[in-house]
Amino acid sequence: MNDAAEPPVVAAIVLAAGEGTRMKSATPKVLHELCGRSMLGHVIAALRAANPEQLVVVTGQGRDQVEDYLKRLDPDAVAVFQPSQDGTGHAVRLALQALDGAAGQPIEGTVLVAPGDTPLLSVETMRTLAAHRAKTKVAAVVLTAMVPSPAGYGRIVRDESGNLARIVEHADATEAERAITEINSSVYAFDAAKLRHALAELTPHNAQSEEYLPDVVRILVKGGDPVGTVVIDDWREIAGVNDRVQLAQARAHLRDRLVTNSMRDGVTVIDPATTWIDVDVVLEPDAVVLPNTMLLGRTTIASTARIGPNCSLLDTVVGVGAVVRDATCEGAWIGPQATVGPYTYLRPGTRLLRGAKAGGFVEMKNAVVGEDSKVPHLSYVGDATIGERSNIGAATIFANYDGEEKHATVVGDDVRIGSDTVLVAPVTVGDGAYTAAGSVITDDVPPGALGVARGRQHNSFGWVEEKRPGSASARSAARSATPVTASGADLSSGATTDDNGSPDEPQGDDS
């Protein structure tokens, strides 16, 4: 957006050296998160949108944590340490010296400056600010806002013509100046040469005995260099975060912004107030999000998918037309037309292919469920591969851990696993095979076979009357029992009860 003849945005500087004592936290203030990204991360993302050639972060309190985070977030960024809290002007001087030293000569062009605790700064605002300085070629441009409660902020003092004359910090302002509602956002676009010259004239003669960066504006104006302003439409965008109350307020505002943008892009959000969306989440048009839903990390929701109510999805992919309700999913892949829930937990490595089902009270981990296969309810599936069109009966357990190592289970196509089966890995159930309900399967089941691994049933006739005489159970049994012999012969019909039962039917769940 810069003019061809104007030097580019040569650098962006983030001021992140503040102590942040009001956060009352061992974590540096700028590393506190909202909507999936730290405050520092939000500011860097906004500045990067203006395409600076270099980016510098001035660190101070919590230096090691901030610099370690910066290496992961933006390896090209440069950290500059401010050893003592001598003010924002001093911090910018250190950053500019580092930039000049790295270049081997004084840098030229636009230098953007922003505090690291303004996470609501938008991409559009930073691009506008940089473009305005490129167009006007003034010495500096200050981002300002009209706020309902300006206490604590530096005030914008204008001359009779409406031009910016100076910025007065709250602690140094007169009563008349404190009544001004236009405030300094502490976000600037400077000409590098003009900034360098003005920084050299800064003094700590103020209420805080610090070198104020806003005093650069006064020095520039006094020297005859005009300073422009960009008044932001929504003052909340430049709100600083100093404690956890303000962090929660910023988080809620960012949530509203993200949810609103999603709805304007064609997503149906039933209850925006109870829907949380992280900044890296992708929602396609015609997706539907129901109340009490959190979409976190790099979650992606495809068109016509229906998520919620009561869902938490982290780094999860949901395919076209899938339905996920009352579920927690982390690092899962849910294919087109698949169904999940209610009360389901999909852990990392879970993949549900087209039309697959993970039903109520099901937990899965590192498992692949083939097309149109079902795990309807009350089951644990871990370290497993399930083929197509298979059904896993209720209360089935994939026993994958022997106390030291994890082992895999393979279930083929068109398999029927009977209810209350335990599959003890490593084990394979072949295509078209069945397992009888209540079996503990420790050996492979060949294709088309019925695996039975359970004790044969024995009925002890008269046990209740003998062991629990006079009990409610004994009285009920006496009223309803058919007279039988000790061997099980039915005296009323002549039939004989087989106390061993028959294993010929698996009696599984096929829902």
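**Exercise 1.** Determine for cysteine 329 in this predicted model whether the residue is buried or exposed, and whether it takes part in a disulfide.

*Solution.* Begin with the relative accessible area, which for cysteine 329 is 0%; because buried means under 20%, cysteine 329 counts as buried. Turn next to the sulfur atoms: the nearest cysteine sulfur, that of cysteine 311, is 6.6 Å away, whereas a disulfide requires a pair within 2.5 Å, and cysteine 329 is therefore in no disulfide. Cysteine 35 can be treated likewise, since with a relative accessible area of 7% this residue is buried. The structure as a whole holds zero disulfides, and for cysteine 35 the nearest cysteine sulfur, again that of cysteine 311, is 18 Å away.

**Exercise 2.** Describe the surroundings of serine 38.

*Solution.* Locate the residue in strand β3, which spans residues 37-38, and note that its relative accessibility of 1% makes serine 38 buried. Then list its contacts, leaving aside neighbours within four places in sequence: Val30, Leu31, His32, Glu33 and Tyr69. Finally, examine the side chains, where serine 38 makes a polar contact with tyrosine 69 at 2.6 Å.

**Exercise 3.** Characterise the packing of helix α1 against helix α2.

*Solution.* The axes of α1 (residues 39-48) and α2 (residues 63-73) come within 11 Å and cross at roughly 45 degrees, which means that α1 is oblique to α2. The crossing is right-handed. At the residue level, Leu40, Gly41 and Ile44 in α1 meet Val66, Tyr69, Leu70 and Leu73 in α2.

Definitions and conventions:
Residues numbered from 1 in each chain as written. Predicted model: local features only at pLDDT ≥ 70, side-chain atom pairs only at ≥ 80, totals over all residues. Heavy atoms only, no water. Helix = DSSP H or I, 4+ residues; strand = E, 2+ residues; numbered from the N terminus. Buried < 20%, exposed > 50% of the residue type's maximum accessible area, 1.4 Å probe, protein only. Polar contact = N/O pair within 3.5 Å; in protein donor to acceptor, adjacent residues only side chain to side chain. Contact = heavy atoms within 4.5 Å. Axes fitted to C-alpha atoms, helices over the stretch in contact; angles between N-to-C directions. Parallel < 35°, antiparallel > 145°, perpendicular 65-115°, else oblique. Left-handed = near helix turned anticlockwise from the far one by under 90°.
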